[in-house]
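The exercises below take a protein–DNA model apart, from annotation to strand surfaces to chain interfaces. Each task is followed by a solution that goes step by step.

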Protein chains: 4
Amino acid sequence: MVKEMTIQDAFQSVMATRGDVPPKQQRVLAASLVLFAEQGFSNTTTKQIAARAGVAEGTVYRRYKTKDELLAAVLAPFVSGVLPSLIGDFANNIVKRDYLTRHDLIAAVIQDRLHFIQENRDVLQVLLTEFLVRSDVREQLIPQVMPLLQHNLYPVLDRLKTNGELIDWPDDRIAQFMIGTMMSQLVRGVLADEEVESVGPIMIAFIEKGLAPE
Amino acid sequence: MVKEMTIQDAFQSVMATRGDVPPKQQRVLAASLVLFAEQGFSNTTTKQIAARAGVAEGTVYRRYKTKDELLAAVLAPFVSGVLPSLIGDFANNIVKRDYLTRHDLIAAVIQDRLHFIQENRDVLQVLLTEFLVRSDVREQLIPQVMPLLQHNLYPVLDRLKTNGELIDWPDDRIAQFMIGTMMSQLVRGVLADEEVESVGPIMIAFIEKGLAPE
Amino acid sequence: MVKEMTIQDAFQSVMATRGDVPPKQQRVLAASLVLFAEQGFSNTTTKQIAARAGVAEGTVYRRYKTKDELLAAVLAPFVSGVLPSLIGDFANNIVKRDYLTRHDLIAAVIQDRLHFIQENRDVLQVLLTEFLVRSDVREQLIPQVMPLLQHNLYPVLDRLKTNGELIDWPDDRIAQFMIGTMMSQLVRGVLADEEVESVGPIMIAFIEKGLAPE
Amino acid sequence: MVKEMTIQDAFQSVMATRGDVPPKQQRVLAASLVLFAEQGFSNTTTKQIAARAGVAEGTVYRRYKTKDELLAAVLAPFVSGVLPSLIGDFANNIVKRDYLTRHDLIAAVIQDRLHFIQENRDVLQVLLTEFLVRSDVREQLIPQVMPLLQHNLYPVLDRLKTNGELIDWPDDRIAQFMIGTMMSQLVRGVLADEEVESVGPIMIAFIEKGLAPE
DNA sequence: GATGAATGAGCGTTCATTCAT
DNA sequence: AATGAATGAACGCTCATTCAT
């Protein structure tokens, strides 16, 4: 059970990477994120963003030269900051354990990531939506995430398979089921907010059993 | 974008005027679907639709008074036609069986639905994307789909639970996991086309085991 | 004295090249030309053009995708149509004469061109102004005009120099003085309209004497 | 662009506050001049000016309240300082001579002015361009320059005409040809830099012969 | 005095929608 | 029914100008 969890830490360090973004620009980013999540990127106008952030429209463009850049600025810290540090952290804590059960893995993955999903529903929703619709987002995301999975998750899966702890399916399929099940929680969150605590154990049980060897 | 006419209104009028869709309008619908799936609804212009359909821009508006109505017309037959008949069919075939195993259920659901997903990837992708982004689509979809599940799927689940064939989780959670797992295949399809045949057995096994009683 | 003058003819043929430009687009072009001449390209808004042309702002963009393209559309027929056919015509009529005096040349050049300047003051003023300020206009104009001069005017000058009819200065310098003197009439026209008839003889005399051999 | 404050007003206030221009403002003026000449007034942003001058954007506005005033400040010293003193000088030196030949006049005018053109190409180019495009610049320039010509140049021309040294054309026409010929050198300079030394004698010869009596 | 972040009017441009043909 | 030129509201974005520091 990885309790040295670092979502907050990761986020902090990402924010630090951003340099000292002045407060108005922070408000622009925050407003963009909320509106993109609520209405989608294309349906959000820069006027709305400015109004929500309480700044003039020109201010939106001080740091970000285009609306597309604003989308990138909203997603980038997650894609290239939070996500990697999260997965890297996870790998460091999990991979090293000598005796790793399926339950250990699933629980670690799901538990952490559910909190992550809950706390970052907005970004993730924007990410999912634009991923489905914008090839540039796909091309930004895939080369970031795929290697992470391949280097951090797949070796662990392979070890578990060798140990008879995990069913012998292709790694990408196992990842698909894990991610898909968590994604379902994201979509469900669009309908109604839900405390993540109640879902965790059930979801862990579902995936753990689903991936047990025959 | 969303003006006075909500998608619901549009939906009504679409439903009212179906049946005798002339070929040019069919081409408009087909072009809209493809483009909406490729680029999203908001990023698609009526000019693109007209060009792809091989008609004049004005022709797009002969039957569908607004672009929103076009979206409704693309989704409507699916949401209120294909989906219900599918679930109804399923219910008729499954519910009546005296002895129903978990495998029977899952296999029936998944197998059919996977072909369904493959053949309707475009609509489903549009549906998923706009569902995440447009509240009017959500408000159109939910009251259509929820009762279907409640009346057709949930009783079956309850029967299986009673028979000890299924784990005793809330129906909506079980539905969430089933739908989520299938949805993962939809998202995966955005990355690369994949023959559905290869996934079916694995996915059935995953869900079947995941939902087995303790 | 080249009286088979073809300014009108040239313009007609250029207009024909334009295909059948619909009347509203003609009005847009005309309005653009007048406003560009009056206020300069940068100081003219598309709103002004639309208002002057009596069309909606969107109509300005039906044929010309950008304001820059509008400038090109206003200048292009002159630069690549009227000008060449004018110079070509001139060359055909002048070069062939066995015995050509300096006066014949200058009179032919100036007389025709003064009418040309008067009738096309707007375009020429735009051309001069933007030539001074926009490198893209320069790069469009120079490769069009320089070869014309080199192939049509310079040989004639050389023949006259050989015959002792013309002072032995470099061709480009002679062209500079001729063009500069005519240009002065263009600039003068900005201050006050003036009938060209009165200037012609004086200007011809000035240039003719100025270019006489020692 | 041109709001309530016309260039005239600006001009007045510029004139009133001259004398003690601090170095940063000098740099702003210099940067403005270069950029206006390179790209034209309208195509130059205050940001570019600030960057080129190495100052903050706000500093540009410390002394000059508007961009129009900056244009006025760039042109003012030239129009009301350099130009008059130049013509005045010339008049003082030329007019007093008892025996003045056409050559003396032309040579004096052209020789001096060619160096002047070369050294002030930037201002002159801005002046010419904006003269063609901005009526307020025209209205500023004309009442400054016309009297200068009328009081200093025209009497000399008249005296030469009386002496049979100069052709009997209207003074303004003679001035037009002289200025036009020099202007041609300015336009030529836009295409390629050229040492003025080589042009001088030829240009003097051209004008001198062109203006000789019959 | 100098700075540069902030402003917002207004620009060029797009595009859903209309309508004369 | 079908066309596509025309419309104009509204978009993303620019930039002259202001002002708190």
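**Exercise 1. State which residues of chain A the UniProt annotation "domain: HTH tetR-type" covers, and describe the fold of that span.**

Step 1. According to the unreviewed UniProt entry, "domain: HTH tetR-type" covers residues 22-82 of chain A; UniProt positions are given in the numbering used here, feature names are shortened, and annotations may be inferred rather than shown by experiment. The model is predicted, so that local features need pLDDT of at least 70 and side-chain atom pairs count only at pLDDT 80 or more, while totals for chains, interfaces and linings use all residues. Residues are numbered from 1 along each chain as its sequence is written, chains are lettered from A and ligands numbered from 1 in the order in which they are written, and side-chain values use heavy atoms, with hydrogens and water left out.

Step 2. Over residues 22-82 of chain A, helix makes up 79% and strand 0%, with the end C-alpha atoms 21 Å apart; helices (H or I, at least four residues) and strands (E, at least two) are DSSP runs, numbered from the N terminus.

Step 3. The "DNA-binding region" annotation, also from the unreviewed UniProt entry, covers residues 45-64 of chain A. That span is 75% helix and 0% strand, and its end C-alpha atoms lie 14 Å apart.

**Exercise 2. Describe the protein surface near DNA strand E: which helices supply it, and how do its residues divide by class?**

Step 1. DNA strand E is surrounded by 30 residues, of which A:Thr59, B:Thr46, B:Lys67, D:Thr59 and D:Arg62 are the closest; a residue is near a strand if one of its heavy atoms lies within 4 Å of it.

Step 2. At least two residues each come from helix 2 (23-39) and helix 4 (57-63) of chain A, and from helix 4 (57-63) of chain B, of chain C and of chain D. Helix 4 of chain D gives the most, with 4 residues.

Step 3. The residues of this surface divide into 6 nonpolar, 13 polar and 11 charged, where Ala, Val, Leu, Ile, Met, Phe, Trp, Tyr, Cys and Pro count as nonpolar, Asp, Glu, Lys and Arg as charged, and the others, Gly among them, as polar.

Step 4. On the DNA side, 66% of the strand E atoms within 4 Å of the protein belong to sugar or phosphate, and the rest to bases. A polar backbone atom of C:Thr46 is 2.8 Å from a phosphate oxygen, and an N or O atom in the side chain of C:Tyr61 is 2.8 Å from a phosphate oxygen of strand E. A base nitrogen of the strand, in turn, is 3.1 Å from a polar backbone atom of D:Gly58.

**Exercise 3. Work through DNA strand F in the manner of Exercise 2: which residues come nearest, and which helix gives the most to the surface?**

Step 1. Of the 29 residues around DNA strand F, the nearest are A:Lys67, B:Thr59, C:Thr59, D:Thr46 and D:Tyr61. Sugar and phosphate account for 66% of the strand F atoms that come within 4 Å of the protein.

Step 2. A polar side-chain atom of C:Thr59 lies 2.5 Å from a phosphate oxygen of strand F. Bases are approached by a polar backbone atom of C:Gly58, 3.3 Å from a base nitrogen, and by a polar side-chain atom of D:Glu57, 3.5 Å from a base oxygen.

Step 3. Helix 4 of chain B gives the most to the surface near strand F, with 4 residues, and by class that surface has 6 nonpolar, 13 polar and 10 charged residues.

**Exercise 4. Characterise the interface between chain D and chain C: how many residues are in contact, and how much area is buried?**

Step 1. In chain D, 44 residues are in contact (heavy atoms within 4.5 Å) with 43 residues of chain C.

Step 2. The two chains bury about 3,700 Å² between them, with carbon and sulfur atoms giving 66%; buried area is the accessible area (1.4 Å probe) that two parts lose on being put together, summed over both. In chain D, the residues that lose the most area to chain C are D:Leu132, D:Phe206 and D:Lys209, together 19% of what that side buries.

Step 3. There are 2 salt bridges between chain D and chain C, a salt bridge being a side-chain nitrogen of Lys or Arg within 4 Å of a carboxyl oxygen of Asp or Glu. C:Asp172 forms a salt bridge with D:Arg188, with the closest N and O atoms 2.6 Å apart.

Step 4. Helix 9 of chain D supplies the largest share of the side that touches chain C, 13 residues, and by class that side has 24 nonpolar, 12 polar and 8 charged residues.

Technical notes: A polar contact is a pair of N or O atoms within 3.5 Å; within protein, one must be able to donate a hydrogen and the other to accept it, and residues adjacent in sequence count only if both atoms are side-chain atoms.
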